[in-house]
Amino acid sequence: MNIRNDHTHPDDAAAGIEVTPEFERFTQRNDIFTRAFWDPAVRSPKTDAFFASYRMEAAPRRGDGFGQRDFALRNASWLISDVITNRGAEDGKREGFQAPIANDTPVAPEQVPVDDPAAMSAEIKRIAQFFGADLCGITDLDTRWLYESRVDTRDMSAAPNDLPQGLRHVIVLGHEMEEDLVATYPSALAGAATGREYSHEAAVVMQLAAYIRNLGYEATASMNDTGLVIPFAVKAGLGEYARNQMVITPEFGPRLRFSKIFTNLPLTHDTPAPKGVRAFCDICTKCADACPVKALPYGPPEVTKGSPSAIKGVRKWTSDAAKCFGFWAKLSSDCAICMRVCPFNRDFRKWQHRAWLKIALSRWRKVALWLDRKRGGRVKPAAWWAR
């Protein structure tokens, strides 16, 4: 695959992406979760116990949301994702996380003719929805966001990050997390919202990729592996990058997981669609204020530097990944307080929240922030079980 050498791209400004000459593609071995397996600066008995807790080694403890059935639901929600992830372990490929998902079906020898890429794009979005995706956008394969290398999980060394030749498009899929579970963060129970969508997205992305291969075209299914999904999601017009390190979407706010498919199926591209999230985040610090370990930034976006777990040469809001993951390890579960308290974490099917959104994305954004001042409090996990 040809890798672009230049650091800028024509649609960067529209996507809110600012890349400097110091840009370097990210090495996945430096991802904070991967570092927790090899880097003594990150790895500890607590991080080892964190990963073990997603199996039967979970240690329930006192505290609402951290009992045996809370961990049981969380761990069960990850099951399908884990089945896919573990099947390539002998080859050092943790599919969906440190390696793309292997093809379960071959590419059909005869291609379905595509005379109208726009019509095919509409078809792909319809099929994505049929399989269960909540959002779907399409963008070009911008190789800046591919990992410089992936990880061989047998020894945590760098390995080639190879894709089939000729892939030109990225289909980005969004998967909504359950709002009521997100409201209980931080808790082991809330982690079920994350695990369920990883299991859902594994099924959806594999099925859609299989559909494309049956049409006679290459399609590589991907979750957290192979490349950074946030830039692709923003470029595909699904949302805007925010202070809390998440993509804010008009449909679900930050309450999504994303997956992707790399393909050579002839498609048209969606365009970035900034609506004003950056301007709102400029005046809002609710996520940074609520972070227990102060891992989220204040102030304007800055060029990333220093931490090996941050991509170099991009001006953006960047978290302190080590502080963040350290808190996860202490909890023995993931934390998304920043998602819970985000003013955009709303049900936009309701008219009052759509009205709020219009205010938030206008010059009256300070009014919207004031209107949100009492929202985002934690719901007791027991209330979820008692529904």
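Leu371 sits in helix 15, which spans residues 365–371 of this predicted model. With a relative accessible area of 41%, Leu371 is partly exposed. Together with Trp364, Val367 and Trp370, Leu371 makes a nonpolar surface patch of about 440 Å². Asp372 is found in the loop between helix 15 and helix 16 (381–385). A salt bridge joins Asp372 to Lys286, with 2.7 Å between the closest N and O atoms. Lys286 belongs to helix 11 (residues 286–290), so that this pair links parts of the chain 86 residues apart. Both Asp372 and Lys286 are buried. A further set of salt bridges with shared partners brings Asp11, Asp12, Asp140, Asp142, Arg144 and Lys235 into one network.

Salt bridges recur through the model, and the count comes to 23. One of them is formed by the side chains of Arg25 and Glu148, at 3.2 Å from N to O. Arg25 lies in the loop between strand 1 and helix 2, while Glu148 lies in the loop between strand 2 (135–140) and strand 3 (150–152); the pair therefore ties together parts that are 123 residues apart in sequence. Arg25 counts as buried because its relative accessibility is 19%, under the 20% cut-off. Glu148, at 44%, counts as partly exposed. Another salt bridge connects Asp152 and Arg154, whose closest N and O atoms are 2.8 Å apart. Here Asp152 is buried, at 12% relative accessibility, whereas Arg154 is exposed, at 55%.

Strand 1 also takes part in an open sheet of three strands, arranged in the order 1-11-10 with antiparallel pairing. Strand 1 (19–24) and strand 10 (302–303) stand at the edges with a single partner strand each, so one side of each has no neighbour in the sheet. Strand 1 and strand 11 (residues 312–316) run antiparallel and are joined by two bridges. Val19 has Val314 of strand 11 as its bridge partner.

Turning to the helices, helix 12 covers residues 321–331, and its buried residues are Ala321, Phe325, Phe327, Trp328, Ala329 and Leu331. These buried residues pack against helix 2 and helix 3. Just after helix 12 comes Ser332, which takes a positive phi of about 60°. The loop between helix 2 (32–38) and helix 3 (45–52) holds Asp39. Asp39 is buried, with a relative accessible area of 12%, and its side chain reaches the backbone nitrogen of Ala41 at 2.9 Å.

Note on methods
Residues numbered from 1 in each chain as written. Predicted model: local features only at pLDDT ≥ 70, side-chain atom pairs only at ≥ 80, totals over all residues. Heavy atoms only, no water. Patch = residues over 30% accessible without salt bridge, like charges linked within 9 Å, V, L, I, M, F, W, Y side chains within 5 Å. Areas by Shrake-Rupley, 256 points an atom, 1.4 Å probe, with all protein chains shown as cover. Salt bridge = Lys/Arg side-chain N within 4 Å of Asp/Glu carboxyl O. Helix = DSSP H or I, 4+ residues; strand = E, 2+ residues; numbered from the N terminus. Buried < 20%, exposed > 50% of the residue type's maximum accessible area, 1.4 Å probe, protein only. Polar contact = N/O pair within 3.5 Å; in protein donor to acceptor, adjacent residues only side chain to side chain. Pairing = 2+ DSSP bridges. Contact = heavy atoms within 4.5 Å.
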